[in-house]
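Me: I want to test some structural labels against their definitions. Please set each value beside its cut-off.

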Amino acid sequence: MADLFIKQSKQYAKARPDYPEELFDYIASKTNCHDLAWDVGTGNGQAAGSLAGIYKNVIATDTSQTQLEFAIKLPNIRYEHTPAVLSIAEIEQKLAPKSSIDLVIVAQALHWFDLPTFYQGVNWVLKKPNGVIAAWCYTVPRVNNVVDTVFDRFYTVDVDPYWDPQRKLVDNKYRSIDFPFAPVDGEDKTGPFEFMTERLMDLDGFFTYIRSWSAYQTAKEKGVELLSDDVIAAFREAWSDGGDGNKAVKFPVNLRIGRVGN
């Protein structure tokens, strides 16, 4: 998975949407303590930076050293480059002892994981009882009816063959992803719960976001330029409707959240 993002790490850091404050406030309200959080698959540290304002210490891990080089630097975030699969012994050695972490989060990455092995580690490292795991993904951006029409055709026809199969879990808003945890206090299910994040973008910024996709890199390696002249022209025409400057781009964020037992 890390290889898909190495070549576009700069674009990833520049173009990916931030996550809404309401998301982190909600997650934090479900953890009894705010001592230590682990951000798995941190990428450029977007989520870790928000956690650092709530939790005393944050461990942020990723399989891509290149991504970590672009990560947000704060005094209470410790970044670790890790293999794709961590054994219990490696978690204890590199990250934290048993039953010591209040919160584990995975932002836009759970669909890449070896879930049985990952969940074994999560159950081992989270505090008992009621340590919390939260995982979320954001789905396709929404701009307006004109741009969305062009985007949806581009996404479903041109780009679809170059996504990894795991992408379907994102398109399904993590509804079908394996998530074997109990609901947190105050909820009767583990989600998905929907939040919304918004980013002001011009068209060049929107193209930078598309170029940060793993599917874009996969197509490029196969000799296919997804943002062809015709596609760019179609987007430019749609974007100019109502003015060709910055537009508010909305990203639906879908959260699964649960807790461990005794």
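Me: What radius of gyration would a compact globule with 262 residues have, and what does the protein have?
Reply: The rule is 2.2 Å times the number of residues to the power 0.38, and the radius is taken over C-alpha atoms. For 262 residues that puts a compact globule near 18 Å. The protein has 19 Å, so the two agree. Its C-alpha atoms fill a box of roughly 55 × 35 × 35 Å along the principal axes.

Me: What do these values rest on?
Reply: This is a predicted model: local features need pLDDT of at least 70, side-chain atom pairs count only at pLDDT 80 or more, and totals for chains, interfaces and linings use all residues. Residues are numbered from 1 along each chain as its sequence is written, and side-chain values use heavy atoms, with hydrogens and water left out.

Me: How many helices and strands does the protein have?
Reply: There are 12 helices and 7 strands. Both are DSSP runs numbered from the N terminus: helices are H or I with at least four residues, strands are E with at least two.

Me: What makes β3 and β6 edge strands?
Reply: Strands pair if DSSP finds at least two bridges between them. The order is β3-β2-β1-β4-β5-β7-β6, an open sheet with mixed pairing. β3 (77-81) and β6 (193-201) each have a single partner strand, so one side of each lacks a neighbour in the sheet. From one strand to the next, the twist averages 20°.

Me: How do you know that β7 pairs with β5 and with β6?
Reply: Set the counts against the minimum of at least two bridges. β5 (residues 132-138) and β7 (residues 247-259) share 7 bridges and run antiparallel. C137 stands opposite N254 in β7, and W136 has L255 as its bridge partner. Between β6 and β7 there are 9 bridges, again antiparallel. There R199 stands opposite V249.

Me: Why is β7 called largely enclosed by the rest of the structure?
Reply: Buried means under 20% relative accessible area, exposed over 50%, and partly exposed in between (1.4 Å probe, protein chains only). In β7, 10 of the 13 residues are buried, so the strand is largely enclosed. Across the protein, 52% of the 262 residues count as buried.

Me: What makes α7 a helix that packs on the sheet?
Reply: Contact means heavy atoms within 4.5 Å. Helix α7 (residues 115-125) touches β1 (36-40), β4 (103-107) and β5. Its direction makes about 150° with that of β4. Axes are lines fitted to C-alpha atoms, for helices over the stretch in contact, and angles run from 0 to 180 degrees between N-to-C directions. Buried residues of α7 include L115, F118 and W124. Their cover includes β1, α6 (88-94), β4 and β5. Helix α10 (residues 203-211) lies across β5, β6 and β7, at about 130° to β6.

Me: Is N76 buried or exposed, by its relative accessible area?
Reply: Its relative accessible area is 18%, so N76 is buried. N76 lies in the loop between α5 (65-69) and β3. Leaving out residues up to four places away in sequence, N76 touches A52, Y55, K56, N57 and V58.

Me: What does the side chain of N76 reach?
Reply: It reaches the backbone oxygen of K56 at 3.2 Å.

Methods. A polar contact is a pair of N or O atoms within 3.5 Å; within protein, one must be able to donate a hydrogen and the other to accept it, and residues adjacent in sequence count only if both atoms are side-chain atoms.
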